[in-house]
Amino acid sequence: VEVDPSIGIKHNKTSNRSKFSVLQVDAPIFVADAKSGIRTIDAAGKASTSRFWPFAYRESDNTSLVVCRPITGRGHQLRVHLQYLGFPILGDILYGGRA
């Protein structure tokens, strides 16, 4: 995962939710285009925090099932944070997931 070092990414291996590592993303979300509703990660955006727990991985098509929890409530937050991490939601044409 390559991310901007000025934006917080935390790994916590002691989660009681599962045996997998928790990934917390603290990255501000900015409305890049109000007309279309497109959002991006940008320091000018509103503070946003999401937590992700890998649940299952399927090597045959390189997909994962992930438990997602938004801590804040920004529009498109989980979609934008997953795209930022380089793991867009499958089939999400707006934020880069393949069909």
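Partly exposed describes a residue whose relative accessible area lies between the buried limit, under 20%, and the exposed limit, over 50%. The views below come from a predicted model.

**View 1. Ile 71 in the loop between strand E6 and helix H1.** Strand E6 covers residues 63-70, and helix H1 covers 77-85. Ile 71 sits in the loop that links them. Its relative accessible area is 38%, so Ile 71 counts as partly exposed. Leaving aside residues up to four places away in sequence, Ile 71 touches Thr 49, Ser 50, Arg 51 and Gln 77. Take Arg 51: 20 residues separate Arg 51 from Ile 71 in sequence. In space, their C-alpha atoms are 7.2 Å apart.

**View 2. Thr 63 in strand E6.** Thr 63 belongs to strand E6. Its relative accessible area is 15%, which means that Thr 63 is buried. The Thr 63 side chain also makes a polar contact with the side chain of Asp 61, at 2.8 Å.

**View 3. The hairpin of strands E3 and E4.** The two strands run antiparallel, and four bridges join them. One pairing to look for is Val 31 with Arg 39, its bridge partner in E4. Four residues lie between the strands. Gly 37, in the turn, has a positive phi of about 85°.

**View 4. The two faces of strand E4.** Strand E4 spans residues 38-41. In a regular strand, side chains alternate between the two faces of the sheet. E4 shows such alternation. Arg 39 and Ile 41 point to one face and are buried. Ile 38 and Thr 40 point to the other face and are not buried.

**View 5. Confidence from strand E1 to strand E3.** Strand E1, residues 8-12, has the lowest confidence, with a mean of 54. Where pLDDT is low, the predicted coordinates should not be read in detail. Strand E3, residues 29-33, has the highest, at 96. For the protein, the mean pLDDT is 83, and 77% of residues reach 70 or more.

**View 6. The fold as a whole.** The protein has six strands and one helix. From the N terminus, the order is β-β-β-β-β-β-α. Of the 99 residues, 28% are buried. Among contacts with a separation of 6 or more, 41% join residues 24 or more positions apart. The accessible surface is about 6600 Å², and carbon and sulfur atoms account for 55% of that area.

How values were computed: Residues numbered from 1 in each chain as written. Predicted model: local features only at pLDDT ≥ 70, side-chain atom pairs only at ≥ 80, totals over all residues. Heavy atoms only, no water. Buried < 20%, exposed > 50% of the residue type's maximum accessible area, 1.4 Å probe, protein only. Contact = heavy atoms within 4.5 Å. Areas by Shrake-Rupley, 256 points an atom, 1.4 Å probe, with all protein chains shown as cover. pLDDT = per-residue confidence, 0-100. Pairing = 2+ DSSP bridges. Polar contact = N/O pair within 3.5 Å; in protein donor to acceptor, adjacent residues only side chain to side chain.
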